[in-house]
Amino acid sequence: MTYILAIESSCDDTSAAIICNNKILSNVIANQQVHELYGGVVPELASRAHQQNIIPVVDLAIKKAGIQANQLNAIAFTKGPGLLGSLLVGCSFAKTFALSLNIPLIEVDHLEAHILSHFIKDTDEQCIPEFPFLCLLVSGGHTQIILMKDYFTMEIIGQTIDDAAGEAFDKAAKIMSLPYPGGPLVDKFAKEGNPYTFLFSEPNISGLDFSFSGLKTSFLYFIRDNLKTNPNFIEENKNDLCASIQHIIINVLLKKLIKAAKQTGIKQLAIAGGVSANSALRDRLKQTCDEMGWEAFIPKFEYSTDNAAMIAIAAYFKFLKKDFTKLNISPYARSK
Ligand code: KG4
Ligand code: ZN
């Protein structure tokens, strides 16, 4: 049995998880409400909240797992990408804990971890993807189609040339004066709306790349123009606006994923990252795969948005390879 404590602190969630081989024993997440007041994550406040949360969150994760700290075989942490001040809190804590227990330290890339969350085996019946498979990685900062050849061998075959899909959701929400983070709220209101009420043109980008900035601008102008004649336009049409913009974002994402599947001949399609929590994206991917005779891999809701369980599974595969990290490591803010 291999027990690993994993810590995730790349943005505004402080999370700690305990994994036993490939089974998650606990996954504790402390969200930071402080940013809601500012309409986005304030890096300095995020670091401070991580400092306050990290010890209670780790303590709870160990207790919930029903183990003792001295049973741990390694400590893992998110090395990047993310907010540097936030990453430093998790990294420093992990180093100190690993040193005090005299066990190995494991660094994990946040984006790799999102994808590898598909290998967490919570139940014996659960299907996990086989290599090669395609993963649509959609988060607040990234939108990529990744060809997964092995756990740590991957090729980016398409990506956004401007905004990420999560940003498109959050910016559309902000235009409608919804609080941050807007993605989950757009999802919620869209459930009551008609996706065909308002039509926005889809970006025309070649190959497997994406673009969302034009869509955001046309949404902004559309709302601005309608507010001139009806100051209550947003309030009166909130559900339909959310459903319509969500529908377009998902069209863009799925069209490219389907194109990638046809181009590569790969029939196993996965989604990962915060936007993979979106209920319509989950439903439509499943429906598309059913129609095409392909296989859809949709992460459990709690493993979609930022969490330490995904860091733990990535760390487990690194532990098996004895891929350990030296104590003089420092995090990186941008993708490597
Ligand atoms: O992976 P994640 O939790 O953090 C990053 O690594 O960026 O992704 C956060 C993003 C945010 O843009 C958030 O609005 C979006 O994921 N998101 C959603 C939903 N839940 C989270 N977007 C659409 N629908 C959702 N249900
Ligand atoms: Zn993430």
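In this predicted model, a polar backbone atom of glycine 140 sits 2.8 Å from an oxygen atom of ligand 1. Glycine 274 also uses its backbone, with an N or O atom 3.0 Å from an oxygen atom of the ligand. Histidine 110, by contrast, brings in its side chain, placing a polar atom 3.1 Å from an oxygen atom of ligand 1. With the protein around it, ligand 1 has 88% of its 550 Å² of accessible area covered.

The shell itself holds 18 residues, and those that come nearest are His114, Gly140, Asp170, Asp187 and Gly274. By type, the shell splits into 11 polar, 4 nonpolar and 3 charged residues. Helices H3 (110–116), H4 (165–175) and H5 (183–190) are the elements that put two or more residues into it. Because domain 1 (3–118 + 304–320) and domain 2 (127–299) both contribute to this shell, ligand 1 lies between them.

Away from the ligand contacts, a few backbone details are worth a look. Two peptide bonds leading into prolines are cis: Gly80 to Pro81, with omega near -10°, and Phe131 to Pro132, with omega about -5°. Proline 81 belongs to the loop between strand E4 (74–80) and helix H2 (84–101), while proline 132 falls in the loop between H3 and strand E6 (133–138).

Positive phi turns up at asparagine 102, at about 55°, although this residue is not a glycine. Asparagine 102 is in the loop between H2 and strand E5 (105–109) and is exposed, at 70% relative accessible area. Serine 177, another non-glycine, has a phi of about 60°. Its loop runs between H4 and H5, and serine 177 counts as exposed at 62% relative accessibility.

Technical notes:
Residues numbered from 1 in each chain as written. Chains lettered and ligands numbered in written order. Predicted model: local features only at pLDDT ≥ 70, side-chain atom pairs only at ≥ 80, totals over all residues. Heavy atoms only, no water. Near = heavy atom within 4 Å. Polar contact = N/O pair within 3.5 Å; in protein donor to acceptor, adjacent residues only side chain to side chain. Areas by Shrake-Rupley, 256 points an atom, 1.4 Å probe, with all protein chains shown as cover. Helix = DSSP H or I, 4+ residues; strand = E, 2+ residues; numbered from the N terminus. Nonpolar A, V, L, I, M, F, W, Y, C, P; charged D, E, K, R; others polar. Domains from an automatic or database assignment. Buried < 20%, exposed > 50% of the residue type's maximum accessible area, 1.4 Å probe, protein only.
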